[in-house]
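Work through the two exercises below with the sequence and the model at hand. Each task is followed by a solution in steps.

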Amino acid sequence: MEIRAFERDKDLHNVLTLNEKLVELLSPMTANQFDNINEDNSYVLVAEEDGQFAGFFMLVKSNADYESENFRWFQKRFDNFIYVDRVAVAKEFRGRGIGSDFYQRAFDYAEKNNIDYMFAEIHMDPPNEKSLAFHDSLGFVEEGTAVLKGDHHYSLQKKVFNPAVEKSA
């Protein structure tokens with residue numbers, strides 16, 4: 001399994017196709033919306049196995065002008081963070097540790113770039129116990145809960161990379 005940086009010309013079609021297949025878990029995204037996310041305000045990884053596209057992982061940086069209600073919830077409250085916007089792994093590649101590999105690469109990126117926090121949200125209608133346990137195992141804690149996107153309940157999760165920021169907050 002190879003985890004590497006997103007390359008627009010090579011990967012955009014596969015990212016949009018997988019996003020559409022998993023749109024019930026994610027949210028819709030067009031090529032134009034994706035193009036508003038760039039290396040200055042995001043960090044996107046893809047996974048491949050034997051030349052087959054296996055998944056993608058999209059983080060949005062706190063400086064982004066991103067039209068996600070969930071992202072904006074964190075942006076109103078915190079500085080210097082990265083937000084897990086999408087984790088998508090094709091069904092035939094699940095259970096192989098790709099999600100864990102994506103997160104480990106993101107943790108390395110956050111530490112290398114002196115980022116204070118990583119945020120994610122977990123759907124709670126009904127509670128996604130598997131995702132809650134997974135994020136807990138990675139050191140995430142619940143920052144709060146919110147009703148966003150109309151009437152969807154979320155657990156808003158936080159991982160701290162810079163404990164000094166927590167003490168000053």
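**Exercise 1: a helix and its two sides**

In this predicted model, Asp11, Leu12, Val15, Leu16, Leu18 and Asn19 are the buried residues to start from in α1. Work out how they are placed around the axis, what they pack against, and whether the length of α1 agrees with its residue count.

Solution.

Step 1. The arc covered by these buried residues around the axis is only 165°, so they lie on the same side of α1.

Step 2. Asp9, His13, Glu20 and Lys21 are exposed, and they sit on the other side of α1.

Step 3. The partners of the buried residues of α1 are β1 (2-5), α2 (31-35), β2 (42-49), β3 (52-61) and β4.

Step 4. Helix α1 runs over residues 8-21, which is 14 residues; at 1.5 Å a residue the span should be 20 Å. The C-alpha atoms at its ends are 19 Å apart, which agrees.

**Exercise 2: the largest pocket**

Describe the largest pocket by its volume, its lining and the character of the lining residues.

Solution.

Step 1. The space in the largest pocket comes to about 1500 Å³.

Step 2. Its lining is made of 48 residues, and Leu25, Leu26, Arg86, Val87 and Ala88 are those nearest the centre.

Step 3. At least two lining residues come from each of α3 (69-75), β4 (81-89), α4 (98-112), β5 (117-123), α5 (129-137) and β7 (152-160). The most come from β4, which gives seven residues.

Step 4. Sorted by type, the lining of the largest pocket has 21 nonpolar, 15 polar and 12 charged residues.

Definitions and conventions: Residues numbered from 1 in each chain as written. Predicted model: local features only at pLDDT ≥ 70, side-chain atom pairs only at ≥ 80, totals over all residues. Heavy atoms only, no water. 1 Å grid on protein atoms, 1.4 Å probe; cavity = no way out; pocket = protein on both sides within 12 Å on 5 of 7 lines; lining within 4 Å. Points joined across faces, edges and corners; volume = space filled by probe spheres on them. Helix = DSSP H or I, 4+ residues; strand = E, 2+ residues; numbered from the N terminus. Nonpolar A, V, L, I, M, F, W, Y, C, P; charged D, E, K, R; others polar. Expected span 1.5 Å × (residues − 1). Buried < 20%, exposed > 50% of the residue type's maximum accessible area, 1.4 Å probe, protein only. Arc of directions from axis to C-beta. Contact = heavy atoms within 4.5 Å.
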